[in-house]
Amino acid sequence: MKSFPKKVYNSKTTKAAPHNNRRKLPPKNNTADTTPKNEVKEMFLKWFKKNKSAGYIMSKQAVVQNILTQLNAKQEDALPTALNELKYEGIIEIQEDGVTLVLTQKGAETI
């Protein structure tokens, strides 16, 4: 039976683990991530402010013309979150088609 010599490691031949050499990244700044969302929410509120009456409908065509064509990439990513927050806050209702928005009584009072 053949035996193999054991490798001897000393401090000069060992290497530090590669994960120890990586630079740590700073934590993400959550306030920067909320800005596009707030901008989108403000766009919807400004549009509804022009027609300040409960039950006023923002059609699919109005959403496309007044909101979607003006969004940048970050705002487009924040659009679903902004709509959900407006719905959760009770300012708007989203119709079954998922695009038509209705201003609620609370929304009319808020604006």
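Two strands pair if DSSP finds at least two bridges between them. Keep that rule in hand for the sheet of this predicted model.

Start with β2 and β3. Three bridges join β2 to strand β3, residues 101-103. The two strands run antiparallel. One bridge can be named by its residues: Ile94 has Leu101 of β3 as its bridge partner. Helix α3 packs on the sheet and touches both β2 and β3. The direction of α3 makes about 120° with that of β2.

Now take the sheet as a whole. It is open, has three strands, and follows the order β1-β3-β2. The pairing is antiparallel. Which strands stand at the edges? They are β1 (57-58) and β2. Each has a single partner strand, so one side of each is left without a neighbour in the sheet. In general, strands of a sheet pair through backbone hydrogen bonds, either parallel or antiparallel.

Turn next to the charged side chains. Side chains of opposite charge can pair when their charged atoms come close. How many salt bridges does the structure hold? There are three.

Glu85 forms a salt bridge with Lys37, and their closest N and O atoms are 2.7 Å apart. This pair links distant parts of the chain. Glu85 sits in helix α3 (residues 73-88), Lys37 in helix α1 (residues 30-50), and 48 residues separate them. Is Lys37 buried or exposed? Lys37 counts as buried, because its relative accessibility is 13% and the cut-off for buried is under 20%. Glu85 is partly exposed, at a relative accessible area of 24%.

Lys41 also forms a salt bridge with Glu85; here the closest N and O atoms are 2.9 Å apart. Lys41 lies in helix α1 and Glu85 in helix α3, so this pair ties together parts that are 44 residues apart in sequence. Lys41 is buried, with a relative accessible area of 11%.

Glu89 forms a salt bridge with Lys41, with closest N and O atoms 3.0 Å apart. Where does Glu89 lie? Glu89 is in the loop between α3 and β2 (92-94), while Lys41 is in helix α1, so the pair ties together parts 48 residues apart in sequence. At 31% relative accessibility, Glu89 counts as partly exposed. Salt bridges that share partners join Lys37, Lys41, Glu85 and Glu89 into one network.

Put the two views together. Helix α3 touches β2 and β3 of the sheet, and Glu85 of α3 pairs with Lys37 of α1.

Methods. Residues are numbered from 1 along each chain as its sequence is written. This is a predicted model: local features need pLDDT of at least 70, side-chain atom pairs count only at pLDDT 80 or more; totals for chains, interfaces and linings use all residues. Side-chain values use heavy atoms; hydrogens and water are left out. A salt bridge is a side-chain nitrogen of Lys or Arg within 4 Å of a carboxyl oxygen of Asp or Glu. Helices (H or I, at least four residues) and strands (E, at least two) are DSSP runs, numbered from the N terminus. Buried means under 20% relative accessible area, exposed over 50%, partly exposed in between (1.4 Å probe, protein chains only). Contact means heavy atoms within 4.5 Å. Axes are lines fitted to C-alpha atoms, for helices over the stretch in contact, and angles run from 0 to 180 degrees between N-to-C directions.
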